[in-house]
Amino acid sequence: MAEWWKGAVVYQIYPRSFADSNGDGVGDLPGITRHLDHVASLGVDAIWLSPFFTSPMKDFGYDVADYRGVDPIFGTLDDFDALVARAHALGLKVVIDQVYCHTSDQHAWFAESRSSRTNPKADWYVWADAKPDGSPPSNWQSVFGGPAWTWDARRQQYYMHNFLREQPQINGHSLEVQEALLDTARFWLDRGVDGFRLDALNFMMHDPVLTDNPPAPLTNKARTRPFDYQLKRFNQGHADITGFLERIRETMDEYDGRFTVAEVGGEDADREMKLFTAGNARLNTAYGFAFLYAPALTPEVVDDAVSAWPDAAGVGWPSWAFENHDAPRAMTRWPSAPGHAHAFAACKMALLFCLRGNVFLYYGEELALTQVDVAFEDLQDPEAIANWPLTLSRDGARTPMPWVADAPYCGFSTAKPWLPVGQDHQALAVDRQEGDPESILHLTRRMVALRKAHPALAVGDWRTLHAGPALLAFEREGGGETLLCVFNLGAETLTWAPAEPEAWRVIEAVNGAEAWVLPAYGAVIAERAG
């Protein structure tokens, strides 16, 4: 029997920004529950909820103060249970984040750990003595800027943090810590959760010897942080991570039909993604960044990413996203030719659902939302504030979902939202697109349905026929069928035909494409006849 998650479409919800039910300007769990009908109408298989746990919100929930609690800003555990029940009634699985690499410095574990060098949780975090001159134990740098070490006067030691100083690094090598994390997983699995997205998993374990990282070679890529000046050889990616992943898999297998996806970024992501998903004893799939930070959507980018995950022994199952809460909106990051924004959005959406692997759709992506230019005084994201104006802030991809064009704040809230609504998002609101049969919203539903109707798209093999400079053509084969997918990723009309054009029957055409003439951002999906 095929697993539900293989080839699945997962809709990511950023809880702060999806829907506000109580008028405080921040999205919450009841707001999500009230709008699950919209998500279900897309035809997706599951939702993924970014963190809603108890947190001081220094990194907006990725600094967890209680793994088993719901932050009051989002609601209660009862609200979460109601959300799960409603999702399941609509046929939606529920996937939640698990943040195992670090906690908040307000977590009870850290409060105990920092209290002395001899307490029961003394080694639950990464502590180390200063060098003889008082400097940090190693040269490791934080993702958010500055050293990955902060001095703590209570223990007269440094503690490690790969991200904010308020996010102390968990000692993933500790078996006691691993047991505590697995107990946390069981807590949510027992509440009906169907799977986990495991955050920043390659940061889980470090080199215990604290070896300095070597410098990174010079490239043309801009360096905005000290973190960019090093090869991250020793502060992350330790070989023992896979042993813990096997323990996670054993825990998941105690329950029926559960799912795991690892988030893996960095220079060594491809190798680590495959390592984390190898065989049948680790994670189900890995979620990479091949598209999330790509400067353009080109045939070469697509072919390189997907072809790196062939249907071969020992190679795991990939997951893809064009957008998420950490990357600028694709409609802005991948600018289209002037006057072709809608056509590009349609082409991008069709391509996403033709990729081999799981598909992750970010809230508002079905509306073709653009990146919002958030003024410095309105920024909330600590990374954006630290690196302003050199990065497109994560805040710009986390702005409120526009539900009703003519309602205050586009129906997200009755109060001023925590981030501004995009100026051009009113025209893209759900109610406007519902009334437009040519909208990206309706195309999204059509493409999800097409993927579900054709096993070749959902789980079939991939074979590239042509890639570049603007034209991408590939076959998907599986489930007793073969599909041909042809995309024009440029603004000039292209003509391309397969070797036996009469052998194909077009089942989907985007932006006025015909067999085999593709206008700007046109696409054709055809089925082999007979």
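These questions and answers walk through a predicted model.

Trainee: What ground rules apply to the model, and where does residue numbering start?
Mentor: Local features need pLDDT of at least 70, side-chain atom pairs count only at pLDDT 80 or more, and totals for chains, interfaces and linings use all residues. Side-chain values use heavy atoms, without hydrogens and water, and residues are numbered along each chain as its sequence is written, from 1.

Trainee: In what order do the strands of the closed barrel run?
Mentor: Strands are DSSP runs of E, at least two residues, and helices are runs of H or I, at least four, both numbered from the N terminus. Two strands pair if DSSP finds at least two bridges between them. The barrel has eight strands with parallel pairing, in the order 1-2-5-9-10-11-12-13.

Trainee: By how many degrees are neighbouring strands of this sheet turned against each other on average?
Mentor: Axes are lines fitted to C-alpha atoms, for helices over the stretch in contact. Angles run from 0 to 180 degrees between N-to-C directions, but direction is ignored for this average. The value is 25°.

Trainee: Which residue in strand 2 is the bridge partner of Gln12?
Mentor: Strand 1 covers residues 9-13 and strand 2 covers 46-49. They pair in the parallel sense over four bridges. For Gln12, the partner in strand 2 is Trp48.

Trainee: At what angle does helix 4 run to strand 5?
Mentor: Helix 4 spans residues 77-89, and strand 5 spans 93-98. The helix lies across strand 2 and strand 5. Its angle to strand 5 is about 140°.

Trainee: Which residues of the largest nonpolar core touch the most other members?
Mentor: A nonpolar core is a set of buried Ala, Val, Leu, Ile, Met, Phe, Trp, Tyr and Cys residues joined through side-chain atoms within 4.5 Å. Buried means under 20% relative accessible area, exposed over 50%, partly exposed in between, with a 1.4 Å probe and protein chains only. This core has 150 residues, and its most connected members are Tyr11, Phe52, Phe80, Ile96, Leu351, Leu355 and Phe487.

Trainee: Which helix gives the largest share of this core?
Mentor: The share is nine residues. They come from residues 341-352, helix 11.

Trainee: What covers the buried residues of helix 9?
Mentor: Helix 9 (residues 299-307) buries Pro299, Val302, Asp303, Ala305 and Val306. Contact means heavy atoms within 4.5 Å. The cover includes strand 12 (317-321), helix 11, strand 14 and strand 15.

Trainee: Why do Cys485 and Cys354 not form a bond?
Mentor: A disulfide is a pair of cysteine sulfur atoms within 2.5 Å. Cys354 holds the closest cysteine sulfur to that of Cys485, yet the pair is too far apart for a bond. The distance is 4.0 Å.

Trainee: Which residue does the cis peptide bond from Gly468 lead to, and what is omega?
Mentor: The bond ends in the loop between strand 14 (461-467) and strand 15 (471-478). The residue is Pro469, with omega near -5°.

Trainee: Which residue does a cis peptide bond join to Ala515?
Mentor: Omega of this bond is about 5°. The partner sits in the loop between strand 18 (504-510) and strand 19 (517-518). The residue is Trp516.

Trainee: Is Asn511 buried or partly exposed?
Mentor: Asn511 lies in the loop between strand 18 and strand 19. Its phi is near 60°, positive in a residue other than glycine. At 26% relative accessibility, Asn511 is partly exposed.
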